[in-house]
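Reader: Please show me the model, and then let us go through the terms used for it.

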Amino acid sequence: MFTTDLLRQLDKIAGQYEQKQAALLPVLHAIQEKEGLISPESEQDVSRYLGIPVVHVHEAVSFYHLFHQTKKGKCHFSVCQTTSCALLGGEDIIEHLKTRLGIKSGETTPDGKFSLSVVECLGACELAPMMQYNKEYRGFLNKKKIDELIDKNK
Amino acid sequence: MPNLTIDGQKIEVPAGTTIIQAAEKLGIEIPRYCYHPALPVAGNCRICMVEVEKQPKLQIACYTPVAAGMVVKTTSPKVLEARKNVLEFLLVNHPLDCPVCDQAGECKLQDYYMEHGQYDSRLASVKVKKEKKAFSIGPTVMLDQERCILCTRCVRFTDTITKTSEFGVFDRGDHSQLDVYPGKELDNKYSGNVVDICPVGALTDKDFRFKCRVWYLDHTKSVCPGCSMGCNIDIDWDKSRPHTEKKERVMRLKPRHNPDVNNYWICDSGRYNYHFIDENRILSPQYLDKIVEWGEAMERVAETIQSTKAERIGVLASAQLTNEDLFVIRKLFKDTLKAHVDFRVPEKPGDSDDFLIKADKNPNTAGAASILGAQADAQTIVQKAKQGELDLLYVFGHDLVKLFGKETVAQIAKKTKLFVFQGSNINDTCGYAHLNLPSSVYAEKDGTFTNCQQRVQRIRPAFFPLGESKGDWEIVSFVAGQLGAPLSYKGPQDVFDDIVKTVAGFAGMSYEKIGDQGMILKK
């Protein structure tokens with residue numbers, strides 16, 4: 001069940017749309033913001049709240065990679081693997097992260113602190129090699145910058 | 001109403017008609033996967049693309065409304081090339097193992113490939129394989145995600161027809177997969193229909209999978225006897241190829257399209273209710289546990305009738321019988337002998353919904369009412385038999401043990417001179433009846449049922465009656481012959497023509513006019 005706070009927030013979002021169902025994506029974002037993931041329970045709640053069969057809520061959640069079905073770490077590295085970044089050393093950054101964190105793409109460290117995702121182009125080739133660090137873009141990456149981020153959050 | 005030309009043929013159709021519907025009216029079938037006339041249009045498979053003059057790109061026929069003066073080509077080189085390309089895309093990750101696929105023979109992917117594909121593979125990379133092969137998604141249906149082409153017919157079926165929303169397409173790109181919601185099952189009263197609408201081998205029926213190759217099946221048009229809705233069906237039965245060693249003749253039932261009754265659908269209980277056709281049948285006449293000849297059996301009935309009076313004869317007809325059976329029963333027992341005849345036994349109403357499933361589980365209650373009327377009363381007949389006021393009780397199909405209890409039936413067997421059970425399948429009442437007469441099941445009968453809409457519909461015999469069983473009308477005619485009052489009907493059609501002359505509501509009907517879609521009984 002949604003908390004009163006969250007429900008108030010969702011009502012505000014849903015109120016902006018002529019049809020409640022159209023608010024599916026922003027509602028899911030608001031929930032993920034709060035809970036860090038979209039759990040099966042949340043899917044059921046959203047289904048009831050918006051009047052959409054739960055199977056179609058799950059369609060949206062599984063279609064978009066920005067919705068997480070498992071909890072991500074406090075620091076989430078989404079590293080670009082597309083052309084510009086790859087040419088400028090993106091692959092080395094990814095390898096370095098894998099070794100330092102001891103996890104593969106899509107995984108989270110057992111202490112729940114770090115997650116790694118290898119992603120397609122984030123539309124910031126001018127920053128290559130780059131990644132999305134939680135909600136921010138970080139560019140001109142090198143191993144030192146990565147190490148600093150990891151050490152700071154350990 | 002816009003006029004348009006399709007493949008050189010002119011046609012006028014109501015505004016809002018789509019190209020695929022207009023073409024259908026001209027008898028031109030445009031290939032389709034996602035399009036289904038009873039479901040909302042999705043427009044995702046792209047196989048139905050056609051060329052419309054003055055439009056630069058091909059259009060999808062399922063979603064493009066016709067316009068005045070439109071000139072459509074469905075087989076131009078551009079269209080054929082497009083179909084080939086769409087097929088190539090659909091087959092990128094589809095397994096090419098038709099020989100081991102249950103859908104082979106009724107697969108649209110296979111059909112259209114033979115018509116429009118037939119290219120050499122240009123694929124160097126390995127096909128994307130799904131984690132699981134065929135797996136169960138509910139009590140009746142199996143899913144093989146690799147064979148799915150994501151047309152979403154099943155998704156739209158559970159969204160708009162059953163409104164149960166079990167199916168969805170999860171993930172994205174070539175990882176997309178059809179599935180039911182995690183932890184849920186496809187378990188509704190109409191789930192079997194998704195197998196019928198699946199154009200490929202993704203959804204298959206557990207009851208039918210690998211039982212028989214579809215090209216060995218023959219199809220007989222019939223009507224489901226499961227309830228008073230009278231959904232139109234095809235009986236798919238094995239033509240007995242020497243290498244299929246099965247004793248079952250009926251392999252499956254499929255809904256047959258009738259827009260006025262069941263549209264394209266049937267319920268699961270109707271769909272899987274066919275095993276009784278080949279199982280647990282009464283195969284020959286039996287008198288007191290001894291197999292006897294038909295002649296001897298009929299002689300016993302005739303003797304009893306001749307040695308008693310009309311008020312000491314009771315007949316329990318049944319709304320499971322055809323109009324023709326019931327009319328012959330009426331002729332002999334009601335009109336000629338003036339015995340007590342009724343068909344309305346105290347049955348508990350079954351489950352029902354507001355779609356196809358009706359609480360009355362008899363296919364011909366309306367027909368029985370119009371032909372037999374209601375003068376005697378089944379409960380009274382049973383009471384009379386129990387109290388020794390009847391010499392002959394003649395029961396058609398009813399399991400009296402289930403309806404009235406063992407005690408009553410044992411009493412009836414003791415108090416009557418002759419207790420006849422005429423039916424297709426063995427039930428508890430057979431053990432008490434003095435004489436058991438084997439009758440044929442609906443799949444072996446020619447005749448008509450009248451459904452709850454008062455619609456008279458044809459059933460046709462798929463195969464010969466099993467063992468020595470005969471049609472109910474034939475057995476009753478046999479009795480009449482033995483009594484020296486022959487009913488000289490040549491067959492059910494002959495009986496029906498007499499019904500038309502005798503029973504007011506049937507006036508003007510004939511087997512030809514009833515056809516495949518039925519005719520409404522006049523009030």
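**A small sheet and an interface**

Author: In chain B of this predicted model, B:F135 stands opposite B:L143 in β7(B). Residues are numbered from 1 along each chain as its sequence is written, and chains are lettered from A in the order in which they are written. Local features need pLDDT of at least 70, side-chain atom pairs count only at pLDDT 80 or more, and totals for interfaces use all residues, while side-chain values use heavy atoms, without hydrogens and water.

Reader: How do you know that β6(B) is joined to β7 of chain B?

Author: Strands are DSSP runs (E, at least two residues) numbered from the N terminus, and two of them pair if DSSP finds at least two bridges between them. Two bridges join β6(B) to β7 (residues 141-143), and these strands run antiparallel, so the rule for pairing is met.

Reader: Why does one side of β6 and of β10 of chain B lack a neighbour in the sheet?

Author: Three strands of chain B form an open sheet in the order β6-β7-β10, with antiparallel pairing. β6 (135-136) and β10 (203-205) stand at the edges, each with a single partner strand, so one side of each is left without a neighbour.

Reader: What makes up the contact between chain B and chain A?

Author: Contact means heavy atoms within 4.5 Å; 13 residues of chain B meet that with twelve residues of chain A.

Reader: How many salt bridges does the rule find across this interface?

Author: The rule asks for a side-chain nitrogen of Lys or Arg within 4 Å of a carboxyl oxygen of Asp or Glu, and it finds zero between chain B and chain A.

How values were computed. Helix = DSSP H or I, 4+ residues; strand = E, 2+ residues; numbered from the N terminus.
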